[in-house]
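Trainee: I would like to learn how to read a few features of a structure, beginning with cysteines. Could you give me the general idea before turning to the case at hand?

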Amino acid sequence: AEPGDAGYLGQAMLARNVLAVTAACLAIRRDVFLEAGGFDAENLPVAFNDVDLCLRLRELGYRVVWTPHARLVHAELSTRGADETGAKAARAQREQAYLRRTWGPWLDDDPFLSPHLLRSEFAARITPCRRTPPSWRA
């Protein structure tokens, strides 16, 4: 987001709980990082290890909090390149499949996102409510 961009309904300007954040802007105490087992370099050597870590932290009872008070620049593809062809694409597909197998229910029913927003796009788009609260949130 650009500086001053309020985001959908001003959410980019609010400190709030989120399901996960990118490791490029993750601040975590070392002891908590180790308690959660750190990054999963075996199953997620390049991508999604930050999302996996955040979800494991949530299972341990920690919160993942977004703050609008930090200004960071993250240019991931400029350092590692896109995962669009060949071995990179195959590895990306394996990592995505692992994340989906491990965390599918959490990813499908993010408790911090409105059920009226599409999850398949970065831009907020309204969709009819398609879900009921999952049993793990009861």
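Mentor: A disulfide is a covalent bond that joins the sulfur atoms of two cysteines, and the search counts a pair of cysteine sulfur atoms within 2.5 Å. The model here is a predicted one, and across the whole structure the search finds 0 disulfides. Cys25 takes part in no disulfide, its nearest cysteine sulfur being that of Cys54, 8.7 Å away.

Trainee: Why is Cys54 not bonded to Cys25, and is Cys54 buried or exposed?

Mentor: The closest cysteine sulfur to that of Cys54 belongs to Cys25 and lies 8.7 Å away, which is too far for a bond. Cys54 counts as buried because its relative accessibility is 0%, whereas Cys25, at 33%, counts as partly exposed.

Trainee: How many aromatic pairs does the structure hold?

Mentor: Planes over 60 degrees apart count as edge-to-face. The structure holds 1 aromatic pair, formed by Phe33 and Phe39, whose planes are 70 degrees apart with 5.1 Å from centre to centre, an edge-to-face arrangement. Phe39 has 36% relative accessibility and therefore counts as partly exposed.

Trainee: At what angle do helix H2 and helix H4 pack?

Mentor: Helix H2, residues 49-59, packs against helix H4, residues 86-108, at an angle of about 55 degrees, and their axes are 11 Å apart; the two helices are therefore oblique to each other. The crossing of H2 and H4 is left-handed. On the H2 side the contact involves Val51, Asp52, Leu55, Arg56, Arg58 and Glu59, while H4 contributes Leu99, Trp103, Trp106 and Leu107.

Notes. Residues are numbered from 1 along each chain as its sequence is written. This is a predicted model: local features need pLDDT of at least 70, side-chain atom pairs count only at pLDDT 80 or more; totals for chains, interfaces and linings use all residues. Side-chain values use heavy atoms; hydrogens and water are left out. Rings of Phe, Tyr and Trp (its six-membered ring) pair if their centres lie within 6.5 Å; planes under 30 degrees apart count as stacked, over 60 as edge-to-face and the rest as tilted. Buried means under 20% relative accessible area, exposed over 50%, partly exposed in between (1.4 Å probe, protein chains only). Axes are lines fitted to C-alpha atoms, for helices over the stretch in contact, and angles run from 0 to 180 degrees between N-to-C directions. Helices (H or I, at least four residues) and strands (E, at least two) are DSSP runs, numbered from the N terminus. Angles under 35 degrees count as roughly parallel, over 145 as roughly antiparallel, 65 to 115 as roughly perpendicular and the rest as oblique. A crossing is left-handed if the near helix is turned anticlockwise from the far one by less than a right angle, and right-handed if clockwise. Contact means heavy atoms within 4.5 Å.
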